[in-house]
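This briefing sets out the fold, helix environment, cores, aromatic contacts and backbone geometry of one protein chain. Please read it alongside the sequence and coordinates shown below.

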Amino acid sequence: MKKKLAVISTACLLILASDPVSSYATPDSSSDVLDQPTSVTNEDVKAIFDSLYQEGYSLGEEDGYAEKKFEQFDQTTGLDKSSEEFTWFMMGYTVGYKKGQQQKEEELKTEQENEMAAGEEEGYQQGVLDYKHATIQSEIDPFPSKSSDWNKGYVQGYKKAISLMDLSVKAKKEGYDQGLENDSMSVPSMYDDEDVTRQAFTEGFETAQAEVLEQQKKQFEKQGYVQGYHDLPLEVPAEAEGELQIAFEQGYEKGQKQKQKDVKADGYDSAFTYQTYRAPKSLQDKPQLEKWYKAGFYSNKDVKSLQQKAYKDGWKLGKEMSVPKKYKQNKAAVAMYKKYFEQGQKKQDKTVSHILLGSGIVLTLVALITLWRLRRRKNEETTLDS
């Protein structure tokens, strides 16, 4: 018994040391391993071989996965088999053992890769956050609850994030510079391989393009404004297309509105100067502008009330000239107020003179009052001019 076990062990070692693939062969009809009568066919022999091979393969696969040779063997293994049958059995065991080993290695490798991938993803995300918050870690402490593979991946992901964020800052700057100079974007290869850097470059380019467009829109809006303010026919420049054309037309409309406002204001002011409407010579061949001017003139409903106030203020004894706050910035209104204020003063002087003469008061008193009036008027004119 012991002698046979020794033979089996020796045979196992020899088979395991050999190439199982080259050893694998279906026995031919000349084999007498089973010492069967000549009635045994090749098909029968092959079936026996396949059965023994599969039996050994199954045991070998389990032992290979567990990485323990002959774990499934006991003292009776191989005793019921001839040497040829045992060879077939061990041939299957050897192939199965290697297959089990390979399966175990692949599973371990996949597990390691998954662990590293999970750690790398979390490390990358943390690296991005730390970069944005300016809290970059120079030394990364391991996570005790995680595997060594996970921690290794975390460090790799973190460093990758910092490196890519540094590169993305550079990419954004270069994209911005390119956007200021060119209308079409061309991402350099060093930024095109990673989504982060490619996106940063694109963002910089688009930001610059938006600024360029905004500046162009302002320029064309200004041109349109000048054209509209001078009441010229709308002529959009050929190079103004899309949003630039819209900006030009908006500027033209703003210019027209401002011109209308200013012309109406001129008409309003002219009502303080002229009692009746008269069209300026500069507007006689511009019917639209003259229409706005006229509308402004007749919109002034303050002329009479301001005239009356100025006259009454001038007539009152001791009343100083004081233009209402509403009109102080309007030169035409101030000039009219001054005119009627002085008319009121003249009327006041005549009235006072008649009263004094009728009462028999010495003329020298009148002269003193007149002198005082002249001085006061001079002071008021100085105040208005200032």
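Glu-67, which is not a glycine, sits in the loop between α3 (42-66) and α4 (83-132) and has a positive phi of about 55 degrees. The model is predicted. It contains 12 helices and 0 strands, and the points below place Glu-67 and other residues in that setting.

**Overall composition**

- From the N terminus on, the order of elements is α-α-α-α-α-α-α-α-α-α-α-α.
- The protein has 386 residues, of which 31% are buried.
- Among contacts with a separation of 6 or more, 72% are between residues 24 or more positions apart.
- The exposed surface of the protein is about 25200 Å², and carbon and sulfur atoms supply 52% of that area.

**Backbone geometry in the loops**

- Most residues other than glycine have a negative phi.
- Against that background, two residues with positive phi are described here: Glu-67, at about 55 degrees, and Asp-231, near 55 degrees.
- Glu-67 follows α3, and its relative accessibility of 47% means that it counts as partly exposed.
- Asp-231 is found in the loop between α7 (195-229) and α8 (243-273).
- With a relative accessible area of 28%, Asp-231 is partly exposed.

**Helix α3**

- At 1.5 Å a residue, the 25 residues of α3 should span 36 Å, and this agrees with the 36 Å between its end C-alpha atoms.
- The buried residues of α3 are Val-45, Phe-49, Leu-52, Tyr-53, Gly-56, Tyr-57, Gly-60, Asp-63 and Gly-64.
- The cover over these buried residues of α3 includes α4.

**Nonpolar cores**

- The largest nonpolar core comprises 22 residues, and those with the most contacts inside it are Phe-272, Leu-306, Tyr-327, Met-336 and Tyr-337.
- Two or more residues of this core are given by each of α8, α9 (287-298), α10 (303-315) and α11 (331-358).
- Helix α11 provides the largest share of this core, 7 residues.
- Leaving aside residues up to four places away in sequence, Phe-272 touches Asn-300, Val-303, Leu-306, Tyr-327, Asn-330, Ala-332, Ala-333 and Met-336.
- A second, separate core has 7 residues, including Val-45, Tyr-53, Tyr-57 and Met-91.
- Of the members named for this second core, Val-45, Tyr-53 and Tyr-57 are also listed among the buried residues of α3.

**Aromatic pairs and charges over rings**

- The count of aromatic pairs comes to 22.
- One of them joins Trp-150 and Tyr-154: the ring centres are 5.4 Å apart and the planes are at 20 degrees, so the pair is stacked.
- Trp-150 and Tyr-154 both belong to helix α5 (residues 148-181), where they are 4 residues apart, about one turn of the helix.
- Both Trp-150 and Tyr-154 are buried.
- The ring of Trp-150 also has the charged end of Lys-146 over it, 5.0 Å from the ring centre.
- A cluster linked by ring pairs consists of Phe-70, Phe-73, Phe-86, Phe-89, Tyr-93 and Tyr-97.
- Within that cluster, Phe-89 has the charged end of Lys-81 over its ring, 5.0 Å from the centre.

Definitions and conventions. Residues numbered from 1 in each chain as written. Predicted model: local features only at pLDDT ≥ 70, side-chain atom pairs only at ≥ 80, totals over all residues. Heavy atoms only, no water. Buried < 20%, exposed > 50% of the residue type's maximum accessible area, 1.4 Å probe, protein only. Contact = heavy atoms within 4.5 Å. Areas by Shrake-Rupley, 256 points an atom, 1.4 Å probe, with all protein chains shown as cover. Phe/Tyr/Trp six-rings, centres within 6.5 Å; stacked < 30°, edge-to-face > 60°. Lys NZ or Arg CZ within 6 Å of the ring centre and 35° of its normal. Expected span 1.5 Å × (residues − 1). Core = buried A, V, L, I, M, F, W, Y, C linked by side-chain atoms within 4.5 Å.
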